[in-house]
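Colleague: Hi! I'm new to this one, could you walk me through it?
Modeller: Happy to. Let me put it up and you can ask away.

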Amino acid sequence: MSVTATIRIQAGDFDAAQEIAALTGDRTDIGAVVTFSGICRGSENGEPIAALTLEHYPGMAEAEIGRHADEALSRWPLQGLTIIHRFGRIAPGENIVLVVTASPHRQAAFEAAEFLMDYLKTNAPFWKREESEKGASWIEARDHDDAAAARWTKS
């Protein structure tokens with residue numbers, strides 16, 4: 001069975017439970033579903049955050065995420081995959097990203113979800129601006145995120 005990833009980049013919120021239900025339906029070939037939900041924090045390094053603003057290039061972002069989704073589908077025996085990433089102004093407590101992986105067994109679902117989140121955190125074509133009492137500033141990539149993503153690189 002060929003699996004096609006569902007990829008959406010949207011301004012509006014999403015419901016993780018609805019996305020899981022849509023992915024799994026009445027299927028009996030799925031034994032594990034792993035989800036990762038990224039949520040906007042209310043502070044960074046002890047400083048309050050008013051909001052994050054995420055920007056992207058429409059079309060390019062979907063294609064690039066699709067390329068990594070295809071890699072996940074080729075590396076792990078997934079039965080389903082959903083990736084949703086929001087853009088625009090996001091307040092603390094609101095959803096930012098959702099990755100749902102489904103597989104016959106848990107290890108593949110966990111590893112694929114972790115691989116995709118490491119990619120999304122470091123290399124997905126999104127730009128993040130943080131608003132605080134001190135003003136707004138663009139967020140740079142962090143070394144520990146790059147190190148997490150590097151472990152998936154094939155030698």
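Colleague: Which helix does Arg106 lie in?
Modeller: Arg106 is part of helix α3. One thing to keep in mind from the start is that this is a predicted model.

Colleague: Good to know. Is Arg106 buried or exposed?
Modeller: Arg106 counts as exposed, because its relative accessibility is 64% and the cut-off for exposed is over 50%.

Colleague: And how far is Arg106 from Leu81?
Modeller: Their C-alpha atoms are separated by 14 Å, and the two residues are 25 apart along the chain.

Colleague: Let's switch to strands. Which strand is joined to β4 by seven bridges?
Modeller: That is β8, residues 126-132. β4 covers residues 47-56, and the two strands run antiparallel. To find your place in the pair, look for Ile49, which stands opposite Ser132 in β8.

Colleague: What about β8 and β9, how many bridges join them?
Modeller: Four, and that pair is antiparallel as well. β9 is residues 135-138. Glu130 stands opposite Ser137 in β9.

Colleague: How many residues sit between β8 and β9?
Modeller: Two, and the strands form a hairpin.

Colleague: Now the surface. Which residues form the nonpolar patch?
Modeller: Tyr57, Met60, Trp127 and Trp138. Together they have about 460 Å² of accessible area. Tyr57 is found in the loop between β4 and α2.

Colleague: Since you mention α2, how many residues does it have?
Modeller: α2 has 16 residues. From its first C-alpha to its last it reaches 23 Å, close to the 22 Å expected at 1.5 Å a residue.

Colleague: Which residues of α2 are buried?
Modeller: The buried ones are Ala61, Ile65, Gly66, His68, Ala69, Ala72 and Leu73.

Colleague: And what covers them?
Modeller: The cover includes strands β1, β4, β5 and β8, along with helix α3. So β8, which you met as the partner of β4, turns up again here.

Colleague: On to charges. How many salt bridges does a search of the whole structure find?
Modeller: Eight. In general, side chains of opposite charge can pair when their charged atoms come close. One of the pairs here is Glu19 with Arg8, at 2.7 Å from N to O. Glu19 lies in helix α1 and Arg8 in strand β1, so this salt bridge ties together parts that are 11 residues apart in sequence.

Colleague: Is Glu19 buried or exposed?
Modeller: Glu19 is buried, with a relative accessible area of 13%. Its partner Arg8 is partly exposed, at 30%.

Colleague: What does Arg75 pair with?
Modeller: The side chain of Arg75 meets that of Glu71 in a salt bridge, 3.0 Å from N to O. Both lie in helix α2, four residues apart, which is about one turn of the helix. Arg75 counts as partly exposed at 26% relative accessibility, and Glu71 is partly exposed too, with 25%.

Colleague: And which residue forms a salt bridge with Arg89?
Modeller: Glu131 does, with the closest N and O atoms 2.9 Å apart. This pair links distant parts of the chain, since Arg89 is in strand β6 and Glu131 is in strand β8, 42 residues apart. Arg89 is exposed, with a relative accessible area of 52%, whereas Glu131 is buried, with 19%.

Colleague: Let's look at loops. Where is Ile30 found?
Modeller: Ile30 is in the loop between α1 and β2. At 17% relative accessibility, Ile30 counts as buried, because the cut-off is under 20%.

Colleague: What is Ile30 in contact with?
Modeller: Leaving aside neighbours within four places in sequence, Ile30 is in contact with Leu23, Thr24, Gln79, Ala102 and Ser103.

Colleague: And how far apart are Ile30 and Ser43 in space?
Modeller: They are 37 Å apart, C-alpha to C-alpha, and 13 residues apart in sequence.

Colleague: Last one. What is phi of Asn45 near?
Modeller: Phi of Asn45 is near 55°, a positive value in a residue other than glycine. For background, most residues other than glycine have a negative phi. Asn45 is in the loop between β3 and β4, and counts as exposed at 73% relative accessibility.

Colleague: Great, thanks for the tour!

How values were computed. Residues numbered from 1 in each chain as written. Predicted model: local features only at pLDDT ≥ 70, side-chain atom pairs only at ≥ 80, totals over all residues. Heavy atoms only, no water. Pairing = 2+ DSSP bridges. Patch = residues over 30% accessible without salt bridge, like charges linked within 9 Å, V, L, I, M, F, W, Y side chains within 5 Å. Areas by Shrake-Rupley, 256 points an atom, 1.4 Å probe, with all protein chains shown as cover. Salt bridge = Lys/Arg side-chain N within 4 Å of Asp/Glu carboxyl O. Expected span 1.5 Å × (residues − 1). Buried < 20%, exposed > 50% of the residue type's maximum accessible area, 1.4 Å probe, protein only. Contact = heavy atoms within 4.5 Å.
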